[in-house]
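Work through two exercises on how a chain's domains pack together. Try each task before you read its solution.

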Amino acid sequence: MPPPRTRGTALRQRLAELRGPDVQAKALDARALAALAANPGCRRRAILDGAGVNKAALAGALGSPSAFGQSQFALTRGNAFEAKVKADGGAELLRLVHERLDPGAEPPNSASVPDLTASGPEGRTARTALALREATEQGRGTWTLLDHPMLALDVAGSPAFLEPDAVVVHPDGGWTVVEIKSFPMLDGSADPAKVGAAARQAAVYVLALEEVAARLDPAPRVRHRVLLVCPKDFSNLPTASAVDVRKQRAVTSRQLARLTRIQDIADALPEGVCFSPELPAEQLTASVEAVPAVYAPECLAACELAFHCRDRARADGAVTALGRSVRAELGGLTTVEGVLAAARGEAGDPEDPAVAALRRAALLRTEALGAMCR
Ligand code: SF4
């Protein structure tokens with residue numbers, strides 16, 4: 001077996017081939033990772049994300065464009081709000097961290113904001129780790145704000161680079177993740193679905209920070225309560241709430257550990273598979289279909305390829321398209337055709353509880369229809 005460094009280089013080359021010649025890798029963000037962890041059985045998504053394929057561009061080239069992404073207006077508004085929150089060396093942001101998470105500490109009348117500039121994601125990750133170490137070991141008793149630090153998290157054998165909005169080092173040396181969102185907080189509470197998505201995203205950052213913390217001795221405490229900053233009511237003024245992400249952290253950690261290793265998926269692919277959006281749709285479809293997928297309706301809210309995968313699942317009559325709970329009820333029956341045949345008594349083991357339930361349902365339906373016709 002080749003040494004690990006050679007294996008890592010070979011994998012990177014293989015992933016670059018899958019992406020296509022001269023196609024830049026798209027960095028995985030925490031939102032994508034949280035979604036990836038939501039469907040850990042999907043090899044298609046794992047290899048596409050692992051190879052840094054731009055799934056939105058791929059979906060467009062396949063003829064099933066995704067309905068994902070924020071409008072330009074929303075992006076501009078979000079950036080303007082974040083700049084406001086971080087103005088004056090992050091004074092307002094630190095005030096909110098102090099007020100909501102650490103009121104017993106000294107107020108953040110002054111704070112250090114280290115320069116995190118470096119070349120490339122690896123360089124920025126190393127610079128962030130150094131700044132965290134210095135703030136924790138030398139900056140005791142003071143506040144430090146890391147604006148857009150870069151963290152790395154091992155995902156299925158490949159590093160994913162992540163960029164939280166901010167990380168704050170408290171005077172006691174603890175670390176807090178800060179998420180800044182542009183959806184409003186009305187009377188102190190925000191849309192639970194949006195808060196849930198932000199919490200899953202923040203949990204990914206917490207996991208990545210814990211990897212940095214584990215390399216320090218003694219390891220600093222990574223706080224599991226993160227700060228969510230949003231516009232107050234319908235204004236542009238920032239407000240914040242502390243969000244406990246322990247549950248999301250535990251779920252994401254478990255799901256990421258279950259992801260099939262990217263190396264194994266890449267090894268199983270036939271020669272010639274390539275996901276470059278420049279390729280003709282027919283060739284691209286064949287490449288995408290070469291990787292097994294596990295479509296579920298939840299994909300519609302989490303993956304750019306959802307329309308493509310849904311069309312394929314429906315064309316194959318896969319019961320996964322009907323939802324995970326229906327799929328679980330049907331046991332070994334995996335196609336709609338098989339389910340109908342079982343219900344009609346043409347196939348299936350009558351001892352199988354799913355088959356028995358289907359036949360009973362079919363009988364009741366026939367009786368009901370007969371009663372209506374009389
Ligand atoms: S949409 Fe397709 S590729 Fe994306 S997670 Fe679902 S099945 Fe996998």
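Two exercises follow, one on domains and one on cores.

This is a predicted model, where local features need pLDDT of at least 70, side-chain atom pairs count only at pLDDT 80 or more, and totals for chains, interfaces and linings use all residues. Numbering starts from 1 along each chain as its sequence is written, and side-chain values use heavy atoms, with hydrogens and water left out.

**Exercise 1.** Describe the interface of domain 1 and domain 2.

*Solution.*
- Step 1: take the bounds. An automatic or database assignment gives domain 1 (4–69 + 257–325), domain 2 (72–244) and domain 3 (330–373).
- Step 2: count contacts (heavy atoms within 4.5 Å). 13 residues of domain 1 meet 13 residues of domain 2.
- Step 3: find the buried area (accessible area, 1.4 Å probe, lost on putting two parts together, summed over both). For domain 1 and domain 2 it is about 950 Å², with 70% from carbon and sulfur atoms. L28, A30 and L33 supply 43% of the area that domain 1 buries against domain 2.
- Step 4: look for salt bridges (Lys or Arg side-chain nitrogen within 4 Å of an Asp or Glu carboxyl oxygen). The count between the two domains is 0.

**Exercise 2.** Which residues have the most contacts inside the largest nonpolar core?

*Solution.*
- Step 1: define the core. Buried (under 20% relative accessible area, 1.4 Å probe, protein chains only) Ala, Val, Leu, Ile, Met, Phe, Trp, Tyr and Cys residues are joined through side-chain atoms within 4.5 Å.
- Step 2: rank. L33 and W175 lead in this core of 44 residues.
- Step 3: assign domains. Domain 1 and domain 2 each give the core at least three residues.
- Step 4: inspect L33. Its contacts include L28, L153 and V204, leaving out residues up to four places away in sequence.

Technical notes. Buried means under 20% relative accessible area, exposed over 50%, partly exposed in between (1.4 Å probe, protein chains only).
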